[in-house]
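User: Hi! I'm new to reading protein structures, and I would like to learn how to read one feature at a time. Could you walk me through this one?

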Amino acid sequence: MPSLRSMFKSAFTITTEVTEDDFVVFVVGPTGSGKSWFTKELLKSEDIQVAKKGQHPCTKNVQALRCNFQNGQNNIVVVDTPSFHTELEDFDADQEMTKWIKERFTGNCRGSGVLFLHTLARDPRHPDMLITRHLKTFAMCFNGKFPAPSRVHVVATKEPACILTDDTVDHRQEQLRGTMGQLNNSGSKWKASMSSEVFKGGPDQAWKVVQALLDDILGKTDSSVA
């Protein structure tokens, strides 16, 4: 099967509706994890705002982007979510996410999952960065209307401006695997996997990550999602 990257037309539309035929990819992670950067690299769009180092989160609303492919397929929706636990006085990410889910999302879509991004610039064991903390908040936004997606694919990110030694990168990845492993504990609602590569930018690697999540959702190695 052709890869999603090879079929992508570098075109997308902002959508206000999720249909029963859609696969929905929620991009989730703490402030500074690279969510908007990842989405911008995936779609190769200059219209997606990315915060500069040291700035407050630039994503203050939920943006659903429907991807368009050369074969006419358009049933993959990427959802760039705001960061939870930012402590911004004038912004409530939980409320924004809950409102979007209530108004736009349907539990009857073809499949959904979470890409959880974590920057290697931060210790994944820090309370503000814990995967379990952010996913718990994300799941609460579904407010019992229907179950939150259970499939999670964890991606370590390293933006070009982030300077780290190879030893630090390896150590942080090992720490991230440890915190990710907690998601697969007995009794947990989450079913997690982790990308073997650090995301450093580029649409090829971004689509490879999305394809891995879709493989998990479908429970197979062939991402035929048309």
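User: Which residues of α5 are exposed?

Analyst: Exposed means over 50% relative accessible area, buried means under 20%, and partly exposed lies in between, using a 1.4 Å probe and protein chains only. In α5, D166, D167 and E174 are exposed. On the other side, V169, R172, Q173, Q175, L176, T179 and M180 are buried. Seen down the helix axis, the buried residues of α5 fall within an arc of 165°, so they line one face of the helix. That arc is taken from the directions from the helix axis to the C-beta atoms.

One note on the source: this is a predicted model, where local features need pLDDT of at least 70, side-chain atom pairs count only at pLDDT 80 or more, and totals for chains, interfaces and linings use all residues. Residues are numbered from 1 along each chain as its sequence is written, and side-chain values use heavy atoms, with hydrogens and water left out.

User: What covers the buried residues of α5?

Analyst: Contact means heavy atoms within 4.5 Å. The cover includes β5 (111–119), α4 (131–140), β6 (151–157) and β7 (191–194). Helices (H or I, at least four residues) and strands (E, at least two) are DSSP runs, numbered from the N terminus.

User: How many residues of β5 are buried?

Analyst: Nine of the nine, so β5 is largely enclosed by the rest of the structure. Look at both faces: G111, G113, L115, L117 and T119 are buried on one side, and S112, V114, F116 and H118 on the other.

User: Which strands does β5 pair with, and how do they run?

Analyst: Two strands pair if DSSP finds at least two bridges between them. Strand β2 (residues 23–28) is joined to β5 by six bridges, and the two run parallel. There, V25 has G113 as its bridge partner. Six bridges also join β5 to β6, again parallel, with L115 opposite H153.

User: Now a loop, please. Is S83 buried or exposed?

Analyst: S83 sits in the loop between β4 (76–80) and α3 (93–104). S83 counts as buried because its relative accessibility is 5%.

User: What does the side chain of S83 reach?

Analyst: Here we look for polar contacts: pairs of N or O atoms within 3.5 Å; within protein, one must be able to donate a hydrogen and the other to accept it, and residues adjacent in sequence count only if both atoms are side-chain atoms. The S83 side chain reaches the backbone nitrogen of T31 at 3.5 Å. A polar contact of 2.6 Å also joins the side chains of S83 and K35.
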